[in-house]
Amino acid sequence: MLSKKLFIPIFDKFTKDDIRGTAEDHRVWYMAELYDKKYRFKLQETINNATGKENYKEIYTDDLRKQVPDNFCLYPFTHFQLDPDGRARPCCKYKVGDASWQQDVPKLPDVNIEELWEQDEFQKLRSQFLNNERPSGCKACWDEEAAGIKSMRLQREDGGKQHPYATFYHHIPRLYPKTLDLKLSNLCNLKCRICTPFLSSQWIKEIKDLQVLDMGSVDSFTGNSKEKFSANPENKEILKKWAPTIDFLEFYGGEPLMQQEHDEILQVIYDYGNTANTGLYYNTNSTVLKEKFFELWKLFKEVIINFSVDDCGDRFEYQRKNAKWEESLHNMRMFREYGKKHGVKLDLRIYVTVGILNVFYLKEFLQEIENLEIKVTLNMVHYPHHYAITILPDKIKDIVRDKLLTIDTNIVRHDSLKIDNIIKFMYNTKHDPQLLETFWTKTKIHDTYRNESFEQTFFEFYNLLRDYK
C-alpha cells in the first residue's frame, strides 16, 4: 500500500533552499531513500554513481530509466476518474465491465474526493506497479499490448520511462492528481448500442420494460442520474486546493455538455486554477451544441473535442439511438465555426469505437466523413463483451481483415490505433460462440423493442454472419 501522505514530511522539511544545497536535491535524496527501503530500488546508488561524472545527466537519466518497472503505470499516481455512481478509479479501462466492483467501495457523496483519491484501492495499485506487478484490473491494457497496441498505460509517458526523473520525484509523490476524468452522471439523450444504463440514463426504461437482469440494478442506475459532486460541500473546497496543479480536465458522460455540475466545476478551475496551462477534453456525442461554452473555453490552453461517432447514415442512427446523422454533421461543422468566432484553441477529433456493428463498414464511414477535415482516432470495444470484434468466427475475421486492409488511413491521427492493430486485436482472442449467441439474442430483443432491424440496416454484414446464428 502506498499512501501519498508518506511524502508529506519530506515536502514539509525541504521547502526552500538552505546552506547545504537546494531543497530539490534534499527532497530527491530522501525520496530515493524511501523508495529504496520500501520497494528495493537502488535510487540513492544511482545518484552516487553519476555524481561527479562529466556526462552526469545522461548517465543518471539512463540508469534511472532502467529502474522504472517494466509494468509500471502512471495513472494511479497522477489521474483521478470519477464515475456516475460516485466511485473513483485510476482510469476508464480499470476493471471495465466488472459489475462486482460496484458494491463495496467508497462513493460520493458519502465520502469526499480527497478520500477517494487516497482509498485503499488506489494505494494497493500504486504499490503493485512499484513492485512491477500486473494487476488483474488492468486486463484491458494487457490485452491491447499483447495485440501490439500502444495501450493507455504506455501512452502516458511510455509507462513512466519517458521522463524517469519526473516519474520518481514529481509524479509518484505528488499529493494531488494532475489530470481529472469526470463522469458526473449518466444523464444522456442517447442510448447507444455499445453503451449501458451505467453511462446512459436513456437505457433505464428499456431494461426495466424488458426486465433485463444482466446489466445490474435498475435502482443503482437511477441513482447515477443524480449529480453527486455538489452533494458534499467539501468537494468544492478540495477542488479549489487541487486546481492550481491540474493541467488537464476531461469530461465524459452520459453527455457532459448536458450536466449542470460541469459548469460549476469549470468555473472553479477558472477562478482558482491556471487556465493558460490547463487543457480541456470532452467526449461528446455530437448532438449538443451550446455557444455559451465557447466564451469560457477561449480562456483555456486548449480544448479537445472528441465526437463519439462510429458510423454514418442509418447505421449511425441504429448504433447511436435518438441521434440524427444530418444533425450531427451540422453540429460538427458548427463547432469549428464557433471555435473561430470566439477564438478558442480548438482541436476537433472523431472518436470511432470499433466493434462488431461497424468494423465491416469502417472503410465506407471514413470515406463519408473525409470532407469534414476532422482527424479520426480509432478505439476498440472491450465491453459489452458481445460487441467486441474478437468474438467473430475465423472465416468472418478473414473477410473483415481483407476489407480493413483496403482502407485509406489518411484521415486517421498519427497517434491512433492502426489498422494492423485492429486486425491483430481481432485475432488475438479466439472466436467465442457463446458471446456471439449473446449478440444475436440481445440484438433481437432490442430490435423488437426499438422497432429496428439489424438485418435491414447492416444487410451485407448480416448475410455474412447469419450462418452463425
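**Exercise 1. Strand E1 and its partners**

Which residues of strand E1 (residues 79-82) are buried on one side, and which on the other? Then work out how strand E1 pairs with strands E2 and E3.

*Solution.* Keep in mind that you're looking at a predicted model.

Step 1. Start with a general idea: in a regular strand, side chains alternate between the two faces of the sheet.

Step 2. Now sort the residues of E1. His79 and Gln81 sit on one side, Phe80 and Leu82 sit on the other, and all of them are buried. So both faces of E1 are covered, since buried means under 20% relative accessible area.

Step 3. Look at strand E3 (residues 179-182). E1 and E3 pair in the parallel sense, over 4 bridges. One spot to check is Gln81, whose bridge partner in E3 is Asp181.

Step 4. Turn to strand E2 (residues 88-89). Here the pairing with E1 is antiparallel, over 2 bridges, and Leu82 stands opposite Ala88 in E2.

Step 5. Trace the chain from E1 to E2. The two strands make a hairpin with 5 residues between them. In the turn you'll find Gly86, with a positive phi of about 95°.

**Exercise 2. Salt bridges**

Find the salt-bridge partners of Arg27, Lys298 and Lys403, and say how buried or exposed each residue is.

*Solution.* The idea behind it: side chains of opposite charge can pair when their charged atoms come close. The structure holds 33 salt bridges, and we'll take a few.

Step 1. Arg27 pairs with Glu24, and their closest N and O atoms are 2.9 Å apart. Both belong to helix H2 (residues 23-39); because they are 3 residues apart there, about one helical turn separates them. Arg27 counts as buried at 18% relative accessibility, while Glu24 counts as partly exposed at 25%.

Step 2. Lys298 goes with Glu295, the closest N and O atoms being 2.5 Å apart. Lys298 is partly exposed, with a relative accessible area of 32%. Glu295 is partly exposed too, at 38%.

Step 3. For Lys403, the partner is Glu364, with 2.7 Å between the closest N and O atoms. Lys403 lies in helix H19 (residues 394-404) and Glu364 in helix H18 (residues 362-368), so this pair ties together parts that are 39 residues apart in sequence. Lys403 is buried at 19%, whereas Glu364 is partly exposed at 30%.

Step 4. Salt bridges can also link up: Asp83, Asp85, Arg87 and Arg89 are joined in a network of them.

**Exercise 3. Two helices that cross**

Describe how helices H2 and H3 (residues 43-50) meet.

*Solution.*

Step 1. Get the geometry. The two axes come within 7 Å and cross at roughly 135°. That makes H2 oblique to H3.

Step 2. List who meets whom. From H2 come Val28, Trp29, Ala32, Glu33, Tyr35 and Asp36; from H3 come Leu43, Gln44, Ile47 and Asn48.

Step 3. Sort the residues of this contact by type: 6 are nonpolar, 2 polar and 2 charged.

**Exercise 4. Placing one residue**

Where is Thr443, is Thr443 buried or exposed, and which residues beyond its sequence neighbours does Thr443 contact?

*Solution.*

Step 1. Thr443 belongs to helix H21 (residues 433-450).

Step 2. Its relative accessible area is 5%, so Thr443 is buried.

Step 3. Leave aside neighbours within four places in sequence, and Thr443 is in contact with Arg193, Tyr318 and Phe454.

Definitions and conventions
Residues numbered from 1 in each chain as written. Predicted model: local features only at pLDDT ≥ 70, side-chain atom pairs only at ≥ 80, totals over all residues. Heavy atoms only, no water. Salt bridge = Lys/Arg side-chain N within 4 Å of Asp/Glu carboxyl O. Buried < 20%, exposed > 50% of the residue type's maximum accessible area, 1.4 Å probe, protein only. Contact = heavy atoms within 4.5 Å. Pairing = 2+ DSSP bridges. Axes fitted to C-alpha atoms, helices over the stretch in contact; angles between N-to-C directions. Parallel < 35°, antiparallel > 145°, perpendicular 65-115°, else oblique. Nonpolar A, V, L, I, M, F, W, Y, C, P; charged D, E, K, R; others polar.
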